[in-house]
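Me: I should like to learn how to read a sheet and a nonpolar core in a protein model. Would you kindly guide me through one example?

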Amino acid sequence: MNSDTKLKFGRKVISVEEARSLLYDYVKHTEIESVPLSCAFGRRLSVDIYADHPVPHFRRSGVDGYAVCSKDIEQASPEDPVVLRVIERIPSGTVPQQTVKSGMTARIMTGAPVPDGADAVVMLEMTDSQQDGGMSYVSIKKNIPAASNITPIAGEIGLGDLLLEQGTQIGPGEAAILATFGYSDVSVYRKPRVAIFSTGSELLNVEELLQPGRIRNSNSYMLAAQVEAAGGSSVIMQALSDDVAQVETALQEALTKVDLVLTSGGVSVGDYDVLVDVFGRFEGKLLFNKVAMRPGTPTSAAVWNNRLLLALSGNPGASFVGFELFAKPLIRAMAGCHSPYPEAITAYLDVDYDKGSAYPRYVRGMTHVENGCLRVKPSGIDKSSIMVSIKNADCLIYLPAGGKGFKRDTNVIIFPIK
Ligand code: AMP
Ligand code: MG
């Protein structure tokens, strides 16, 4: 048996978990870079962020109204309002000039600093203003306890609090925190660059007219969208024909320029399965070439010049699933994520699934909620050659190996992918 034949037929099968851990050993964080906050959404912090001031840093009024000494209005009611003299107006963004003493009040706006002496703010709606001889007065029609409508200093965030941990992905809430603390630029991990090669002499470029026996390359664009969603930066390379020397040269060159190379196609047992031939003669280290999973059993991976090469099956369904299981966690980990694997949750199967399998299946699924329960069904025809159902998938349904299939209402594990 020559080495190519051995690689095709004499493969050692490993589990998805084993494959992941072999890949994980080669994960390196990308370098740190500083980017403007407005460009940092979706990126991950390379440092912990601590509060260098409390929030709020002044006693903040939560309403439009009047800052008062609460003792003054203890007896206030609509029938018997308490009248106070207005000593100043405090718009937000300004600082009070005077102390509020008994019998006095200050008109105050939402977000403005509460003046010294005042310990509550009465909502405007509970007051009536009056003018008398050039003086302003207000009658207060309700009693409110001390501290009402005032956020104390550090009421939200204390000085020195840990706000965001290194590795946190910047979403809306994180962006608001970073802006609050003056981070106009943020230290994040560079987006991992991922080169995407499709292989197959049947592949046409997306702009080409259909030709007999040939199809347009859809995997490269599907994978690029997956790379971007995972937090990477995709580089779609020219698709390669089934020519070993051409593929080898192209991959070797790409591996020097990117953090991860993805290929699709050519890992199976066909005569033109070019990646298998490359692995048969190249100088890198083959990590695995058969994984106990459906679809995508022949998914393979190698390390070459210290860079990872993940070779996915060419069938669109298998490429999609292989990416979600292996490439997405790699990209997330390279970009600084501490828990890169998708969380497993459970759902009830919404259909009978009759096919048993020698290997665990990862079925493209779509979820919905019925009577408060999460239910899931295949997002379309569950064949790895079927491309059109990928768009409806919001999870992978994990179906263990063996058996004769699964009955409707079985509780199954799913991995959300959106
Ligand atoms: P392979 O894994 O190379 O044997 O390909 C399996 C099937 O997937 C074949 O029908 C291919 O034509 C198809 N295929 C491979 N690569 C792509 C691609 N980039 N876009 C769409 N279909 C593909
Ligand atoms: Mg092929």
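**Reading the sheet and the cores**

Reply: This is a predicted model. Begin with the order of the strands: six of them form an open sheet, arranged S7-S4-S6-S5-S9-S8, with mixed pairing.

Me: Which strands stand at the edges of this sheet?

Reply: The edge strands are S7 (120-123) and S8 (127-132); each has a single partner strand, so one side of each has no neighbour in the sheet. On average, neighbouring strands of this sheet are turned by 40° against each other, direction ignored.

Me: How many bridges join strand S5 to strand S9?

Reply: Four bridges link S5 (residues 82-90) with S9 (residues 135-140), and the two strands run antiparallel. As an example, Val-82 has Ile-140 in S9 as its bridge partner.

Me: Why should one look for nonpolar cores?

Reply: In soluble globular proteins, nonpolar side chains tend to be buried together. In this model, the largest nonpolar core has 39 residues, and Leu-23, Leu-262, Phe-323 and Phe-326 have the most contacts inside it.

Me: Which element gives the most to this core?

Reply: Helix H7 does, with ten residues. Other elements that give two or more residues include helix H2 (16-24), helix H4 (219-229) and strand S17 (260-264). The core draws at least three residues from each of domain 1 (3-31 + 190-334) and domain 4 (345-416).

Me: What is Phe-326 in contact with, leaving aside its neighbours within four places in sequence?

Reply: Its contacts include Val-16, Ala-19, Leu-23, Met-293 and Leu-310. There is also a second, separate core of 21 residues, among them Leu-251, Val-258, Leu-275 and Ala-302.

Definitions and conventions: Residues are numbered from 1 along each chain as its sequence is written. Chains are lettered from A and ligands numbered from 1 in the order in which they are written. This is a predicted model: local features need pLDDT of at least 70, side-chain atom pairs count only at pLDDT 80 or more; totals for chains, interfaces and linings use all residues. Side-chain values use heavy atoms; hydrogens and water are left out. Two strands pair if DSSP finds at least two bridges between them. Axes are lines fitted to C-alpha atoms, for helices over the stretch in contact, and angles run from 0 to 180 degrees between N-to-C directions. A nonpolar core is a set of buried Ala, Val, Leu, Ile, Met, Phe, Trp, Tyr and Cys residues joined through side-chain atoms within 4.5 Å. Buried means under 20% relative accessible area, exposed over 50%, partly exposed in between (1.4 Å probe, protein chains only). Domain bounds come from an automatic or database domain assignment. Contact means heavy atoms within 4.5 Å.
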